[in-house]
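User: Hey, I'm new to this one. Can you walk me through it?
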Amino acid sequence: MNDEFDYRDMYSVPTNKFAVASLACGVIAIITFASLYLPIILGSLAIIFAFLSRNGTRKLAQYSRIGIVCGSITIVGVIATVVYWYIHLPELLQNPTYRDLVQRLLNNALGGDIDLEKFFGITDTSGYLFRLFI
Amino acid sequence: MPHQTFGEIKAHARGSLNGSYGIAILSFIDTMLLSFLPAYIVDYLFPNKSVFEMIGSEIVSFILTCFVGILEVGLSLIYLKICSRQKATIADLFYGYRVNRNHSLMVCFVSTVIAEICSLPYVILSSHNAANAVYAPQAEYLTLICGMLLTLILRLPISQSFFILVDFPEYSGLEALKLSMKLMKGNYIRYILFLLSFVPFILLSILSFFIGLLWTIPYIYASTAAFYLELAKSRK
């Protein structure tokens with residue numbers, strides 16, 4: 001192998017700042033998956049940075065590809081979790097432990113004694129799903 | 001001469017923006033802040049919503065929007081410099097006010113007239129609704145979105161005129177508008193598709209609570225500047 005040639009650079013895309021930012025955002029998004037807003041913000045930024053990291057070439061850097069995968073998984077996961085939670089909310093609120101937890105969280109966040117059914121717009125379980133999508 | 005692909009134009013924009021994101025983001029923030037100014041001034045001058053005040057506010061808003069719109073010429077200069085690998089400064093943002101102000105004002109006037117005419121149904125509907133609450137809010141949104149789409153389509157022929165004003169400072173506003181129409185002839189669909197290709201970026205930026213716009217908007221501006229350069233080169 002001739003040492004004068006840099007074989008590695010011939011086949012790889014140089015890592016740039018956006019690729020590193022994409023990787024960082026993607027990984028932090030996965031780590032903070034349990035919180036609601038941060039993973040969505042970081043996941044979207046990871047995908048945006050990954051595409052901006054393409055420096056005139058079609059090939060994405062390794063870091064960018066990881067960023068896209070982590071960001072996409074996080075966004076899809078968070079949206080799926082939120083949708084699942086909304087769909088099953090009336091059933092979940094039947095559980096006293098869960099109800100107490102949500103009640104305490106909302107009371108602390110918004111102050112006062114929050115009526116959960118009124119807050120989430122649940123009057124009866126049958127019409128709940130229909131109302132969510134209009 | 002065959003046209004470059006969208007990928008090549010965007011690659012040009014990304015490559016040019018490398019190392020220039022600071023000035024690009026700063027100019028975007030400045031323009032955003034200054035473009036909010038007309039709305040604040042109008043709200044301050046006309047707090048009540050009587051018919052005369054509404055007409056007055058529309059006229060004042062129109063004049064101020066025309067004047068603030070001159071910043072677009074400066075933005076075009078910044079992005080043309082970035083795409084040509086020249087050093088851009090934040091002072092370039094006010095280029096339109098320093099050089100050939102009347103020519104810039106002329107182009108802004110035409111551009112604002114198109115936007116105002118297209119947004120007229122929304123203005124009438126919302127003011128009527130505020131007084132009587134006759135129509136559903138969805139009707140307001142619909143007229144707003146239709147107005148915005150119509151503005152985008154009607155502005156297509158003159159979309160390159162700000163770049164032309166910077167590229168050919170000796171041209172008058174009218175000449176810039178005419179040349180833009182000439183350049184865009186046969187490229188309307190291509191330009192619409194080019195703009196539509198940024199929709200996923202915009203959606204992701206919205207999902208990131210608008211933080212992503214800090215990088216997306218400069219990217220879109222740089223890409224449109226690269227599109228103009230490619231258009232001008234292919235027509236030479």
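User: Which residues in helix 2 of chain B meet helix 5 of chain B?
Analyst: One thing to know up front is that this is a predicted model. From helix 2 of chain B, the residues are B:Ile23, B:Ala24, B:Ser27, B:Thr31 and B:Leu34. They meet B:Leu71, B:Leu75, B:Ile78 and B:Ile82 in helix 5 of chain B.

User: What classes of residue are in that contact?
Analyst: Between helix 2 and helix 5 of chain B there are seven nonpolar residues, two polar ones and no charged ones.

User: And at what angle do helix 2 and helix 5 of chain B pack?
Analyst: About 170°, and their axes are 11 Å apart. Angles over 145 degrees count as roughly antiparallel, so helix 2 of chain B is roughly antiparallel to helix 5 of chain B.

User: OK, zooming out. How many helices and strands does chain B have?
Analyst: Chain B has 13 helices and zero strands. Its radius of gyration is 19 Å, close to the 18 Å that the globule rule gives for 236 residues, so chain B is as compact as a globular protein of that length.

User: What box do its C-alpha atoms fill?
Analyst: Along the principal axes, the C-alpha atoms of chain B fill roughly 55 × 40 × 35 Å. Buried residues make up 36% of the 236 residues in the chain.

User: Back to the start of chain B. Which residues of helix 1 are buried?
Analyst: In helix 1 of chain B, the buried ones are B:Ile9, B:Lys10, B:His12, B:Ala13, B:Arg14, B:Ser16 and B:Leu17.

User: What covers them?
Analyst: The cover includes helix 2, helix 5 and helix 13 of chain B, together with helix 3 (37–52) of chain A.

User: What span should helix 1 of chain B have?
Analyst: At 1.5 Å a residue, its twelve residues should span 16 Å, and the end C-alpha atoms are 16 Å apart, which agrees. Just after helix 1 of chain B, B:Gly19 takes a positive phi of about 90°.

User: You mentioned chain A. How many residues does each chain put into the contact?
Analyst: Chain B gives 15 residues and chain A gives eleven. On the chain B side, helix 1 (6–17), helix 12 (199–207) and helix 13 (213–235) each supply at least two residues.

User: Which helix of chain B gives the most?
Analyst: Helix 12 of chain B, with four residues. By class, the side of chain B that touches chain A has eight nonpolar, six polar and one charged residues.

Technical notes:
Residues are numbered from 1 along each chain as its sequence is written. Chains are lettered from A and ligands numbered from 1 in the order in which they are written. This is a predicted model: local features need pLDDT of at least 70, side-chain atom pairs count only at pLDDT 80 or more; totals for chains, interfaces and linings use all residues. Axes are lines fitted to C-alpha atoms, for helices over the stretch in contact, and angles run from 0 to 180 degrees between N-to-C directions. Angles under 35 degrees count as roughly parallel, over 145 as roughly antiparallel, 65 to 115 as roughly perpendicular and the rest as oblique. Two residues are in contact if their C-beta atoms, placed from the backbone, lie within 7 Å. Ala, Val, Leu, Ile, Met, Phe, Trp, Tyr, Cys and Pro count as nonpolar, Asp, Glu, Lys and Arg as charged, and the others, Gly among them, as polar. The radius of gyration is taken over C-alpha atoms; the globule rule is 2.2 Å times the number of residues to the power 0.38. A residue is buried if 20 or more other C-beta atoms lie within 10 Å of its own, exposed if 12 or fewer, and partly exposed in between; C-beta atoms are placed from the backbone. The expected span of a helix is 1.5 Å times one less than its number of residues.
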